Amino acid sequence: MLIGRHPETTALRSALTSDKGEMVAVIGRRRVGKTFLVNEVLGEHIVLQQTGVRHAPAERQLRTFTNKLSLLAGKQIPEVKDWLDAFFQLRLVLEPLLDPEKKAVLFFDELSWLATPEGEFLDYLAHFWNDWGARQPIVIVLCGSVSSWIINKVINDKGGLHNRVTRYLHLKPFTLTETEAFLRARHVNFTRYQILQLYMAIGGIPLYLEDIKAGRSAAENIDRLCFSQTGLLREEFSRLYPSLFDDARNHIEVVRTLAEHPRGLSRTEIITNSSVANGGVASRVLEELEQSDFIMAYEPFGKKKHGKVYRLIDEYTHFYLRFIERNNKSGEGTWMQISRQHSYKIWGGYAFEGVCMQHVPAIKKALGISGVYTNTYSYQKTAKNDEPGVQVDMLLERADKVINLFEIKFYAEEWAMTAGQAELLRQRIERFKRYTKTKQQVIPVVISYAGLREGKYSLGLVGQSFTGDVLFLE
C-alpha cells in the first residue's frame, strides 16, 4: 500500500499521460522507498527494469542488461561489447512493442552502480534518448540512492543529458503524519506520543517502520530493533554509509562530529573538531551528506556572510551514536532502562527540537501563515567578557516583518511556566533583539508536547502555544 507521496505520485502519473517522451530522475537516501514508489505507480507500464550491481565492472553490468533484454525479446540477444551496442539492441527490441496509447517505462535503478566510469553508460543513454527515445511513447526513470551523483552527473550534466530530465523527484523520509498513516495501515495503533518517541529514534524511514510490531509499545519496538542481537537497526549504521559512498570514512567522521554538537557547526568548526581535511574533500562530503538528507544547512541569523551552519538531521544516526553504539553489548531490555535515565531527557529535548525544525510547514499552518515566505534559523551567541550568552531553539523570520522565537519543550505533562522560566524567556528575547539589532516584531511561541498550562507567568509573554499534535498537521 502506498502511503503519502502525493506530489511524487502525481508527477509519475503525469509522465505517463503527457504527449512526449519523459526522463524522470528520482533521488533520496537508502531505505526511503524510491524503488517501491516507482514500481507501485508505474508497475504495469514497466517493460524493462535494470538494477546496477555494486562494484561490478562494465562487462558484468552489460551481461545483466542483455539477460533482461533477452527476456523482454523472448529470444537470446547477441552478446554486446559496449553500451552503444546495448542501447541499439534495446531500440530493436522496443520498436515493435511500442504503443502510442500506452507508454512503456524503462526503469534504471541504482544508477551510480550501473554507470561505471569505464562503461560510458550515460554517454550512450544520452545518445539513445536524443537520437530516438525522446520522440517515442517512452518514460525513462533514473533512480539512485547517491543523490549527489545523480544531481551532478545527470541533472546538472553539461553534455548529452543537459536539460533532458523532464521531472525531478526528491523522495524524503516520511513526515509524522505519513508515519502515523503508515503505522495505522499496518494495524499499529500507537498514541501520538509513542509515534513521536519512535520517530525521534529511527526517523520516518519506511523500511525501518515496516519492522514495527503491533501489540507492543514504542519503547519495546525500539528495544527490539536497536538493542537485541538480531535487531534490524543494531548494525545498520556500519552498513548505511559505506553502501552509499565509496570512501565513507569522512562522511562518518562528519556525522560523528555533528552528533556531538546537536545545534550544529560551521564548516570551519567541523574541520577543527574532526579529522576531515580542509578543501575539496570537505566540500564534497558536506554536499553529499546534505543532498542525501543526513544533514541540513542553513544560514545563521543575521550572519549570511559567515557561511552556513550544518546540523545532523538523520534521527537514526544520532540515536545510534548516542545510545546503540555505547550499549551494543547490553542486549534486549537496554532501552527500557535508558529511557528512565537523565540522558534520555537530554536527548529527548534535542531530538524533539530537531523534529520541530523538520516540520516547519505544519507549524506554519498552525500559526496561520502557510502562505507567508519564511526562513528557519536557530540562534546562539556565547558569553563573552561581561556579556551574557543567549540560545534560541528555533526562529522563523517572516516576510511580514515578524520573527517567531520558539521555546521547545519535550514534556509528557503540561508545562506550567514558573517565574524563573518566564524571566529567562524575557532575557532571551531582550538579548536576541539587542545582539541582532533587529527592528522586526519578535513574538514568542511555545511548542511543548503536552502543551503549556496558561498561568500568570506566561500570560502576556507567550504569543501562541501548541501541543505536539501541531507537528501532525498536513
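Two strands are taken to pair if DSSP finds at least two bridges between them. In the predicted model described here, strand S2, which spans residues 46–51, pairs with strand S3 in the parallel sense over 5 bridges. Within this pairing, Gln49 has Phe107 of S3 as its bridge partner. Strand S3 is also joined by 5 bridges to strand S4, formed by residues 138–144, and these two strands likewise run parallel; here the bridge partner of Leu106 is Ile140 of S4.

The burial of strand S3 was examined next. Of the 6 residues of this strand, residues 104–109, 6 are buried, so S3 is largely enclosed by the rest of the structure. The side chains are divided between two directions, with Ala104, Leu106 and Phe108 pointing one way from S3, whereas Val105, Phe107 and Asp109 point the other way, and all of these residues are buried. Phe107, the bridge partner of Gln49, and Leu106, the bridge partner of Ile140, thus belong to opposite-pointing sets.

A further site concerns Ser18, which is placed in the loop between helix H1 (6–17) and strand S1 (22–27). The relative accessible area of Ser18 is 19%, and because burial is assigned under 20%, Ser18 is classed as buried. A polar atom of the Ser18 side chain lies 3.3 Å from the backbone oxygen of Lys20. When neighbours within four places in sequence are left aside, Ser18 is in contact with Lys103 and Arg167.

Methods
Residues are numbered from 1 along each chain as its sequence is written. This is a predicted model: local features need pLDDT of at least 70, side-chain atom pairs count only at pLDDT 80 or more; totals for chains, interfaces and linings use all residues. Side-chain values use heavy atoms; hydrogens and water are left out. Buried means under 20% relative accessible area, exposed over 50%, partly exposed in between (1.4 Å probe, protein chains only). Helices (H or I, at least four residues) and strands (E, at least two) are DSSP runs, numbered from the N terminus. A polar contact is a pair of N or O atoms within 3.5 Å; within protein, one must be able to donate a hydrogen and the other to accept it, and residues adjacent in sequence count only if both atoms are side-chain atoms. Contact means heavy atoms within 4.5 Å.
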